[in-house]
Amino acid sequence: MDAMMLEIKNLRVRLRVEGEPRTVIHDTSFTIGAGEAFGLIGESGSGKSMTARAVARLLPEGAECTGEIAFAGKPVLALKPDELRRYRVDDVAMIFQDPRASINPVRTVGDFLTEAARTNFGMRRREAEDKAVALLAEVGIADGGRRLKQHPHQLSGGLLQRVMIASALMGDPKLLLADEPTTALDVTTQSEVMGILNRLRAEHGVAMLFITHDLELAGAVCDRIGVMYAGSIVETLSSDALHEAARHPYTQGLLTSRPSLTATTRRLPVIPGKPLSAFEAPGGCAFAPRCAHVIAQCRESGPEFVDGVRCHRVGELS
Ligand SMILES: Nc1ncnc2c1ncn2[C@@H]1O[C@H](COP(=O)(O)OP(=O)(O)OP(=O)(O)O)[C@@H](O)[C@H]1O
Ligand SMILES: [Mg+2]
């Protein structure tokens, strides 16, 4: 990989959860190269969405964010309001899980797609519509001209997610933050949308932060993977290494608990215990209460992130 597109170092996010100030991300570091796809996986509450929102500076009101986030060398956390606006217009775009929740139901698809380009780039309506139709074609919507006049409720979930992807590409972003972009879709549509994202990534050369619960999916579409547990990354590894060389007991647990396509009748082994958010984790290693390899040291002190993994026992277990 050449130049680093995104470098995150010791990210920490604190915000009010149910009225209490809580740490939801701590000590999270990773990088994404230009054109690279980085998968962020982990159970519910582990902090995946908050990480993406921190990168886009879209954290909930009152959140405190410390550490470093550099976009092409630019310190994101230090951007002034007008620089932040340019950053969101020119550099990053976000795709969310539920397209219906982030698109205004009373406006047309055309308004939704062209509004930002018209206000931010001063494009004329006709020019913006031409670009929108071209992008709709790229995401597999052939009759774009007709779609522009429709309202969101006239489109299926799968079509609407394609519209969201086209919208994210309207500003030619360098980094796409895709937060479970296919979770709300049925399996067939899911794989079509994934195929589109992959192709666009290759053709437009955009880097992607791809968030999912699905380890298998992350392995299939990403170059590298970061595994999050209780607000921090416990392992980063290349997708090629996922099945053969996962070293953290949590990653190994996720690999054995994933549904197998061949052994459908077998009951799935699951990681015992429940997933935690950062502020719910005990002292020491956050995964210790659920780990099959736990020793006294794990409960006493939290392991550092060394050489791509955060585990006291990694030397003995790998
Ligand atoms: N808008 C919010 N205000 C306050 N706390 C929040 C908000 N959104 C999430 N949280 C809390 O922040 C923590 C991290 O949540 P986050 O949404 O990043 O998890 P996630 O890994 O994306 O989970 P999921 O897989 O369920 O989407 C959780 O404890 C969650 O309850
Ligand atoms: Mg989430």
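**Exercise 1. Determine which strands pair with β8 and in which sense they run.**

Step 1. Strand β3 (residues 37–41) is joined to β8 by 5 bridges, and the two run parallel; strands here are DSSP runs of E with at least two residues, helices are runs of H or I with at least four residues, and both are numbered from the N terminus. Two strands count as paired if DSSP finds at least two bridges between them. The model is a predicted one, in which local features need pLDDT of at least 70 and side-chain atom pairs count only at pLDDT 80 or more, whereas totals for chains, interfaces and linings use all residues. Residues are numbered from 1 along each chain as its sequence is written, chains are lettered from A and ligands numbered from 1 in the order in which they are written, and side-chain values use heavy atoms, with hydrogens and water left out.

Step 2. Within this pairing, phenylalanine 38 stands opposite leucine 209 in β8.

Step 3. β8 also pairs with strand β7 (residues 175–179), again in the parallel sense and over 5 bridges, and here the bridge partner of leucine 175 is alanine 207 in β8. Between these two strands the chain passes through α7, and this β-α-β crossover is right-handed, a term that applies if, with the strands pointing away from the viewer, the path from the first strand over the helix to the second runs clockwise.

Step 4. β7 in turn pairs with β6 in the parallel sense over 4 bridges, with valine 92 having leucine 175 of β7 as its bridge partner.

**Exercise 2. Decide how far β8 and β7 are enclosed, and examine their two faces.**

Step 1. In strand β8 (residues 207–212), 6 of the 6 residues are buried, so the strand is largely enclosed by the rest of the structure; buried means under 20% relative accessible area, exposed over 50%, and partly exposed in between, using a 1.4 Å probe and protein chains only.

Step 2. In a regular strand the side chains alternate between the two faces of the sheet. Both faces of β8 are covered, with Ala207, Leu209 and Ile211 buried on one side and Met208, Phe210 and Thr212 buried on the other.

Step 3. In β7, 5 of its 5 residues are buried: Leu175, Leu177 and Asp179 point one way, while Leu176 and Ala178 point the other way.

**Exercise 3. Check the length of helix α4 and locate its buried face.**

Step 1. Helix α4 (residues 125–138) has 14 residues and should span 20 Å at 1.5 Å a residue, which agrees with its end C-alpha atoms being 20 Å apart; the expected span is 1.5 Å times one less than the number of residues.

Step 2. The buried residues of α4 are Ala128, Ala132, Leu135 and Leu136. Seen down the axis of α4, these fall within an arc of 105°, so they line one face of the helix, the arc being that of the directions from the helix axis to the C-beta atoms.

Step 3. The buried residues of α4 pack against α3 (109–121), α5 (144–148), α6 (157–169) and α7 (187–204), where contact means heavy atoms within 4.5 Å. Just after α4, glycine 140 takes a positive phi of about 90°.

**Exercise 4. Classify the aromatic pair of phenylalanine 71 and tyrosine 87.**

Step 1. The whole structure holds 5 aromatic pairs; rings of Phe, Tyr and Trp (its six-membered ring) pair if their centres lie within 6.5 Å, and planes under 30 degrees apart count as stacked, over 60 as edge-to-face and the rest as tilted.

Step 2. The ring centres of phenylalanine 71 and tyrosine 87 are 5.5 Å apart and their planes stand at 75°, so the pair is edge-to-face.

Step 3. This pair links distant parts of the chain, since phenylalanine 71 lies in strand β4 (residues 64–71) and tyrosine 87 in helix α2 (residues 81–91), 16 residues apart.

Step 4. Phenylalanine 71 is buried, with a relative accessible area of 2%, and tyrosine 87 is buried too, with a relative accessible area of 1%.
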